[in-house]
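Trainee: I have a structure open and I'd like to go through it with you. Can we start with salt bridges and then move on to the pockets?

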Amino acid sequence: MGSTIKSSARVSARLKELVQKSEHLNMDVADERRQLSHLVQSLGYELETPMESIYRLIVIQPLLYMCVRVAINLNLFEIMAEDESVPKNVSQLALRVGADETLLGRLLKNMAASDLISETASDTYELTTLSASLLKISHRDAFPFCHDVLLPSFSATPRFLAETRYANPTNITDTPFQFGHHTKRTFFEYLGTYPEQAQQFNNFMGLYATDRPRWLDEGHFPVREILGEGASEEKDAVLMVDVGGGKGHDLILFQQRYGDLPGRLILQDLPSVVKQAGQLSAGLESMGHDFFTENPIKGARTYYFHSVLHGWPDEKCLDILRQIAAAMKRGYSKLLINEIVIPDTNAHRLATSMDLLMMTVVAAEERTEQKWKYLLPLVGLKIVKIWKFEIGTESLIEAELAGD
Ligand SMILES: C[S@@+](CC[C@H](N)C(=O)[O-])C[C@H]1O[C@@H](n2cnc3c(N)ncnc32)[C@H](O)[C@@H]1O
């Protein structure tokens, strides 16, 4: 039992550290909050036997994921949210969702055992903050999208890597995604043929943008000084092009905060995506555009990419940037790249797992600072500054034409 004694000393030391840190915790400072959450997680490992930890990783979590996926198919969380004050029992719920009571009871019990929902009495449940968040479409759609599109790629990765002799994937048409889905299509071509999953993906991108500081937040990036001052006030001048901007949530936020600055705001994405985005609010324009082709908007003040370039291997990324560099006006246009920049040490798991996600689906990566410093000059661009925010979150790379 020597290891148990050693372990209880560690648990007690970690608990003391936890209590000490929690006394000064400011929940609004994400770095503090995340460090504490990391500590709680490592405490969990200390309290579990290896068997329990391994079982949690390989059985409990995937099956919880499965339960949520089924619950979403049944609209279970929406039904549980009806008249929030009343906890629901299994027989009422089974009738409402149209499922066998025994089956539903088993799914609910498992979700309650992992605190995804709360068990208020025997066979009676109510939503927790986490399951209630699944009422939002961005949060809910993350599950079917990741379950149906990403998981088959993750599962295929070990066999794919063995077959490709553990080479780093760099070919967008030959990734665990194609291997797992038995398709020759790229990820985006595939989404183009499955509108429901494409819609879920776009909503999932909405989730990716929540609960984290944005460069657009007060005190993060001096938008007015860097983009606003000196921006052209001519009638057709463009203040920002959001390239590959999806449904336009960043541009909408930009307009809400800086709509008083002069210049047009233009959302660009593939025609099918722009169509899905529908009619944007007054003052925002949308334009179907393939970013591998010449950009029709010349000399904008800002060309902005959010979570786009990390989706392409280096050669493709350079092709996209070449088109932007060609559209930029020397001494005036800025390029802003909002992406995770992986630090040399202590990378956060949010960042490292995004890196692997990109690898498995599109043979791309979350790039390091060195990689960006190497890539941008290859297409005539230079980094002015990398604006860094919280650990694990995206940075903002400010760049311009080299020689400006
Ligand atoms: C990961 S999403 C990012 C969307 C948005 N910028 C955001 O942060 O939510 C990548 C976007 O690139 C778009 N995209 C992919 N290929 C494209 C292409 N060839 N031309 C323009 N947009 C493209 C996709 O449709 C998608 O909206």
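Mentor: Salt bridges, then. This is a predicted model, and the count comes to 24 salt bridges.

Trainee: Give me one to look at. Which residue does K109 form a salt bridge with?

Mentor: K109 pairs with E119, and their closest N and O atoms are 3.1 Å apart.

Trainee: Where do K109 and E119 lie?

Mentor: K109 is in helix α6, residues 101–113, while E119 is in strand β2, residues 117–121. The pair therefore ties together parts that are 10 residues apart in sequence.

Trainee: OK, pockets. What volume does the largest pocket have?

Mentor: About 2,600 Å³. Its lining is made up of 49 residues, and Q61, H348, R349, L350 and S353 are the closest to the centre.

Trainee: Which elements give two or more residues to that lining?

Mentor: For the largest pocket they are α2 (30–47), α3 (50–73), α7 (129–133), α8 (137–163), α11 (195–208) and α16 (349–362).

Trainee: And how many nonpolar, polar and charged residues are in the lining of the largest pocket?

Mentor: There are 27 nonpolar, 15 polar and seven charged residues in it.

Trainee: What about the second largest pocket, how much space lies in there?

Mentor: About 950 Å³. The second largest pocket has 42 lining residues, with F187, F188, F201, N202 and D269 nearest its centre. Elements that give two or more residues to this lining are α8, α10 (187–193), α11, α13 (249–258), α14 (271–277) and α16.

Trainee: Which of those gives the most to the lining?

Mentor: α11 does, with seven residues in the lining of the second largest pocket. By class, that lining has 22 nonpolar, 14 polar and six charged residues.

Trainee: Where does the second largest pocket lie in terms of domains?

Mentor: Between domain 2 (137–208) and domain 3 (223–401), because both give residues to its lining.

Trainee: How does anyone find empty space in a model like this?

Mentor: Rolling a probe the size of a water molecule over the atoms shows where empty space is left.

Trainee: Change of topic: the surface. Which residues form the nonpolar patch?

Mentor: Y45, I54, L57 and I58, which together have about 390 Å² of accessible area.

Trainee: Which element do most of the patch residues come from?

Mentor: The largest share, three residues, comes from α3. Y45 sits in helix α2. Helices α2 and α3 also came up earlier, among the elements that give two or more residues to the lining of the largest pocket.

Key: Residues are numbered from 1 along each chain as its sequence is written. This is a predicted model: local features need pLDDT of at least 70, side-chain atom pairs count only at pLDDT 80 or more; totals for chains, interfaces and linings use all residues. Side-chain values use heavy atoms; hydrogens and water are left out. On a 1 Å grid over the protein atoms alone, a cavity is a set of points where a 1.4 Å probe fits but cannot get out, and a pocket is an open set with protein on both sides within 12 Å along at least five of seven lines; lining residues have an atom within 4 Å of a point. Grid points are joined across faces, edges and corners, and a volume is the space filled by probe spheres set on the points. Helices (H or I, at least four residues) and strands (E, at least two) are DSSP runs, numbered from the N terminus. Ala, Val, Leu, Ile, Met, Phe, Trp, Tyr, Cys and Pro count as nonpolar, Asp, Glu, Lys and Arg as charged, and the others, Gly among them, as polar. Domain bounds come from an automatic or database domain assignment. Patches are made of residues with over 30% relative accessible area and no salt bridge: like charges are joined within 9 Å, nonpolar side chains (Val, Leu, Ile, Met, Phe, Trp, Tyr) within 5 Å. Accessible areas come from the Shrake-Rupley method with a 1.4 Å probe; for residues, only the protein chains shown count as cover. A salt bridge is a side-chain nitrogen of Lys or Arg within 4 Å of a carboxyl oxygen of Asp or Glu.
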